[in-house]
Amino acid sequence: MTEAVSRPTLEAVAARAGVSRATVSRVVNGGDGVREPLAERVRRAVEELGYVPNQAARSLVTRRHDAVAVVIAEPESRVFADPFFALQLRGISKELTAHDNQLVLLLTEGRADHARVARYLAGGHVDGALVFSLHLDDPLPGLIHDAGVPTVFGGRPGWGEDTRAADPGVVYVDCDNRGGARAAVRHLLDLGRRRVAHITGALDQTSAADRLDGYRDVMADVLGESDPRLVVESDFTPAGGERAMRELLDRCPDVDAVFAANDLTALGALRVLRASGRRVPEDVAVVGFDDMVPVTEQTDPPLTTVRQDIEEMGRLMARLLLQGLSEDRDRQRPTAGGPGSPASAVILPTTLIRRASA
């Protein structure tokens, strides 16, 4: 057992600095109206005493929590197995840390978790929320809208039938999914491939739907139309890529190229092609999407893919939210996706990275 050490109080800081308790409170809470010489004395006293503000008490004064919820609409098993989420969280964490904000991670396993997350957000524990990996039937956008929490979304929103969430002022960050898919398919066609297949992601997510649209755009432009048997739905996972590739080879043994909706899907497809005796790229060329180094380093041959800056997407999401919260405090009106805020979307460019698989 150890004895509890008493923490320095505002009164102790005030005594050390020779100012009033109210002056200390204004300085440590970022308030105005304190002359710089007095503010410097307070800061020096804070450092000498090792004073740490009580966050609960500070929140009552400032109405700020310096905490942001990151809501990922996926179960733990998916989040911790997919490096996409680690990269996006790293970008978010770097930006929040740079502004002395805490990250509160919330995952959803099912409907009960949706209600739990909504209650937490409505309870005033955080200043705002960053939400990504939504599915079309996901109730989270509507629940978050009802909670009145400033929010930035990762990925183009697709609200389905939940009109509560369809606020014209929604703020989101995404990459050029459709344009990136077009570049991938054009590259395969430029190589002389004509039986170009597409293994999609989960089509209840807008990123997968946009990449499928990009594939269809180019196939229609170049070939007039594509064989519907060359499109197989998957789920952005290696296992899904394996299943889809087997199905493709059964349907269309003459397939000579595959555009996979992400690198994990491509990884699964490459395993099946190797096991079936197909050479890559001689027999079947393969292109992925994301350019996630933890995945592309595992592929044999090295994977040609479409790069999106996943970490930067996370940074931008956090930056937009913090900017909106700052404007909210200055103007005393909701921003960052709140009612009445202007619509805002940031679409990051994508780049085709050519390696040995295509």
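Is Asp217 buried or exposed? In this predicted model, Asp217 counts as buried, because its relative accessibility of 19% falls under the 20% cut-off. The residue sits in helix α10, which spans residues 206–223. Once neighbours within four places in sequence are set aside, the contacts of Asp217 are with two arginines, Arg178 and Arg182.

Turning to the nonpolar interior, the largest core brings together 70 residues. Within this core, the members that touch the most others are Leu130, Tyr215, Met245 and Phe259. The element that gives the most to the core is helix α14 (residues 310–331), with a contribution of 9 residues. A second core, separate from the largest one, holds 17 residues, among them Ala69, Leu106, Val126 and Phe153.

Leu130 offers a handy place to look at the packing in detail. Beyond its neighbours within four places in sequence, Leu130 is in contact with Val68, Ala69, Val70 and Val71, as well as with Ile92 and Val152. Its list of contacts also takes in Met317, Ala318 and Leu321. Ala69, named here as a contact of Leu130, is included in the second core.

The cysteines round off the picture. A disulfide is a covalent bond linking the sulfur atoms of two cysteines, and the structure holds 0 of them. Cys175 is buried, because its relative accessible area of 4% is under 20%. Cys252 is likewise buried, with a relative accessible area of 1%.

Technical notes. Residues numbered from 1 in each chain as written. Predicted model: local features only at pLDDT ≥ 70, side-chain atom pairs only at ≥ 80, totals over all residues. Heavy atoms only, no water. Helix = DSSP H or I, 4+ residues; strand = E, 2+ residues; numbered from the N terminus. Buried < 20%, exposed > 50% of the residue type's maximum accessible area, 1.4 Å probe, protein only. Contact = heavy atoms within 4.5 Å. Core = buried A, V, L, I, M, F, W, Y, C linked by side-chain atoms within 4.5 Å. Disulfide = S-S within 2.5 Å.
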